[in-house]
Amino acid sequence: MSDGPASDDSGDPTAREMHPDDDPYVLQGPQSHPFWAEAVADQILARDPDDPIVIKGGISPSGVPHLGNMNEIVRGYFVAEALRERDYEVRQVFTADDRDPLRKLPRKLADLDGNVVELGDVNAGALGRNLGKPYTDIPDPFGCCDSYGEHFSNLIERSAELLGIPVEMVSNTELYESGEFEDVTRHVLEHREQAREVLSHYQDKVDEEYVPFNPICEDCGKITETVTDIDLDSGTVEYVCTDMEAGDQTIEGCGHEGTATFREGKLPWRFEWPGQWQVLGVDHEPFGKDHAEGSWPSGSDVARNVFENEPPVPMAYEWFTLNGEPFSSSSGHVIMVQDTLEMLEPEVLRYFFTKDPSKARDFTVEHLDHLVDEFDEFERNYYGETEGEERTDADEKAEEIADAAYPPTIRPTVAARFDEDGDPVSTPERGSVAVVDSTRRAQANDLVDGPFGERVRLPYTFAAVLGMTDDPDLREEIARREGHVPDDAPEWVTEFALSRVENAREWARRTGNEFDYELKRSEMPDVDLDPDTETALDELAAFVETHDDPEEIQGEIYETAKRHDIPVGEFFSVGYRLFFDDEEGPKLGPFLAKLDREFVLTRLRREE
Ligand SMILES: [Zn+2]
Ligand SMILES: [Zn+2]
């Protein structure tokens with residue numbers, strides 16, 4: 001979603017009452033379905049939309065398109081899928097608001113592989129000289145795409161592809177240049193009195209001089225704000241290239257006086273957004289709560305009272321935070337889809353977006369194991385594999401949500417794992433494949449309810465334990481021995497289950513948690529032990545054989561050391577040497593509780 005011009009939001013006391021259909025908080029109050037995307041689909045259908053139904057998202061290019069920005073795509077995806085499952089044709093589009101001017105230099109950027117770099121690592125000088133110009137007129141700082149704007153769009157498109165979400169990218173610049181935006185531009189200028197009147201309820205800088213069009217200066221290439229004359233017959237405006245205020249700084253104009261056509265400039269965001277709805281025939285658009293309070297009220301008003309068009313069914317979503325702090329593209333407090341997929345299966349990430357958008361939530365890297373556990377539960381709910389006799393109302397609701405939300409969450413995974421004949425693919429190249437045609441959709445649904453039901457998931461922290469061992473055969477042997485992979489599992493099931501190990505290992509590496517150690521499984525490290533310590537280890541083994549509570553084991557390590565007059569620190573060191581051939585390691589008791597017990601006992605008893 002585009003940033004509006006800076007500092008233009010004023011709480012105007014003359015602001016108008018919003019049309020009752022335009023309340024963006026559509027997920028508040030009673031809903032028609034427990035899964036929000038189905039409820040939103042109902043609201044769209046209630047308006048009897050034309051075919052195809054168009055769902056839009058969009059953002060202005062900036063530094064790094066991060067996981068929070070993906071709300072613009074993944075939320076829309078779930079609504080699109082709900083409609084497609086009801087046999088409606090849906091176009092999901094994403095507008096890159098790439099005719100917006102670069103207002104300030106980003107501090108961080110991302111290359112096409114999703115690596116976040118400092119501004120200093122790219123050609124920052126070239127960016128600095130281009131302040132005030134449209135993103136599509138600025139050279140790509142990485143030199144790999146046609147422009148900065150295109151680089152950013154490519155990043156967004158890749159993120160969507162990695163999640164198996166088919167999105168049509170629409171360049172705003174192209175809409176202007178091709179003339180597709182000409183009619184709405186002309187309409188706004190023709191009805192500029194009306195446009196001013198509507199906007200004046202939302203912004204106080206709107207005076208009689210205000211012209212809702214910003215030409216691009218033919219001399220310096222910057223977006224300008226001072227239009228001196230409009231000629232509707234010839235489709236041109238006269239302008240002076242004056243200074244532009246951008247936040248706390250001023251981008252200097254060159255003073256040039258010139259003429260621009262309606263294709264050589266842009267509408268201000270407050271008109272451009274409703275213009276996009278009109279030109280693209282948008283039926284639904286999710287947006288962040290900043291817009292819910294800012295450009296949505298004015299945009300829906302402009303749509304109704306300037307374009308005389310019904311605005312889309314809105315949906316305000318709450319923002320995510322990352323590790324407890326707001327995402328910040330400029331300071332680099334971001335995580336991209338690429339990074340996330342190093343640690344999570346794509347279905348787990350899609351699952352994160354099935355959660356109620358009206359609630360703020362944190363993406364906590366340290367506790368990704370909780371998210372994965374929730375996903376596993378969600379999946380078991382779909383397959384009716386949840387245990388327990390007493391089902392509460394909450395369980396019932398969770399099952400209803402899983403019934404609706406699991407198929408769209410898993411379809412791109414199933415499409416990647418099974419070929420068009422329905423046979424499992426060994427070592428698939430991609431984790432997700434977009435399901436676009438109805439044949440493939442029907443097939444994917446059959447697979448979800450058929451062979452895919454055999455899939456096996458290793459608990460994430462157990463996968464992290466296996467990740468402490470490099471040997472793939474040993475990983476498999478332990479997974480089997482611990483009963484996580486059945487003896488008769490088909491090959492794809494085993495491979496699928498074990499693929500989680502690399503994800504969990506990456507998680508351990510990035511967080512430096514208790515699984516970020518190399519476990520010496522295949523050979524016992526050389527450790528010199530005195531008879532007292534040997535007896536103590538045997539006693540500890542006997543305790544672990546009959547106890548699995550992490551804190552009890554931790555306590556017993558202390559007790560055992562004390563009983564044998566071994567300094568506690570020394571006894572822990574012995575443990576670390578036995579398991580890691582190292583002087584230190586994770587908190588030992590809880591760690592031993594997570595390991596497979598047979599191995600723990602063998603090692604404590606020093607049996608090779
Ligand atoms: Zn590029
Ligand atoms: Zn100029």
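The following questions and answers go through a predicted model.

Trainee: How many helices and strands are there in the protein?
Mentor: The C-alpha trace spans about 100 × 50 × 45 Å along its principal axes. Of the 608 residues, 42% are buried. The secondary structure comes to 23 helices and 17 strands.

Trainee: How far apart do the C-alpha centres of domain 1 and domain 4 lie?
Mentor: The domain assignment places domain 1 at 20-320 and domain 4 at 531-604. Domain 2 (344-355 + 363-454) and domain 3 (460-511) are also assigned. The C-alpha centres of domain 1 and domain 4 are separated by 60 Å.

Trainee: Is strand β1 largely enclosed or not, and how many of its residues are buried?
Mentor: Ile53, Ile55, Gly57 and Ile59 point one way from β1, while Val54, Lys56 and Gly58 point the other way. Residues on both sides are buried. A residue counts as buried when 20 or more other C-beta atoms lie within 10 Å of its own. β1 (residues 53-59) is therefore largely enclosed by the rest of the structure, the buried count being seven of the seven.

Trainee: Do β1 and β2 run parallel or antiparallel?
Mentor: Strand β2 covers residues 90-96 and is joined to β1 by seven bridges. One of the pairs is isoleucine 53 with valine 90. The direction of β1 and β2 is parallel.

Trainee: What is the handedness of the unit made by β1, α2 and β2?
Mentor: Helix α2 (residues 71-84) belongs to this β-α-β unit along with the two strands. The helix has 14 residues and reaches 19 Å from its first C-alpha to its last, close to the 20 Å expected. Because 13 of its 14 residues are buried, α2 is largely enclosed by the rest of the structure. The handedness of the unit is right-handed.

Trainee: Which annotation covers residues 61-69?
Mentor: Over this stretch the chain is 0% helix and 0% strand. Its end C-alpha atoms are 11 Å apart. The name comes from an unreviewed UniProt entry, which lists a short sequence motif, the 'HIGH' region.

Trainee: Which peptide bond is cis, with omega near -15 degrees?
Mentor: Proline 52 lies in the loop between α1 (36-45) and β1. The residue on the other side of the bond is aspartate 51. The cis bond runs from aspartate 51 to proline 52.

Trainee: What is the strand order in the open sheet of three strands?
Mentor: The edge strands are β7 (226-231) and β11 (257-261), each pairing on one side only. The twist averages 25 degrees from one strand to the next. Five bridges join β7 to β8 (residues 236-240) in antiparallel fashion, and valine 227 has tyrosine 239 as its bridge partner in β8. The order is β7-β8-β11.

Trainee: Is threonine 427 buried or exposed?
Mentor: Threonine 427 lies in the loop between α14 (393-417) and α15 (438-449). Its phi is near 35 degrees, positive in a residue other than glycine. A residue is exposed if 12 or fewer other C-beta atoms lie within 10 Å. Threonine 427 has 7 within that distance, so the class is exposed.

Trainee: What is the phi of aspartate 565?
Mentor: The loop between α20 (550-563) and α21 (568-580) holds aspartate 565. With 8 C-beta neighbours inside 10 Å, this residue counts as exposed. Although aspartate 565 is not a glycine, its phi is positive, at about 60 degrees.

Terms used: Residues numbered from 1 in each chain as written. Chains lettered and ligands numbered in written order. Predicted model: local features only at pLDDT ≥ 70, side-chain atom pairs only at ≥ 80, totals over all residues. Pairing = 2+ DSSP bridges. Helix = DSSP H or I, 4+ residues; strand = E, 2+ residues; numbered from the N terminus. Axes fitted to C-alpha atoms, helices over the stretch in contact; angles between N-to-C directions. Domains from an automatic or database assignment. Right-handed = clockwise from strand over helix to strand, strands pointing away. Expected span 1.5 Å × (residues − 1). UniProt positions renumbered as here; feature names shortened; annotations may be inferred.
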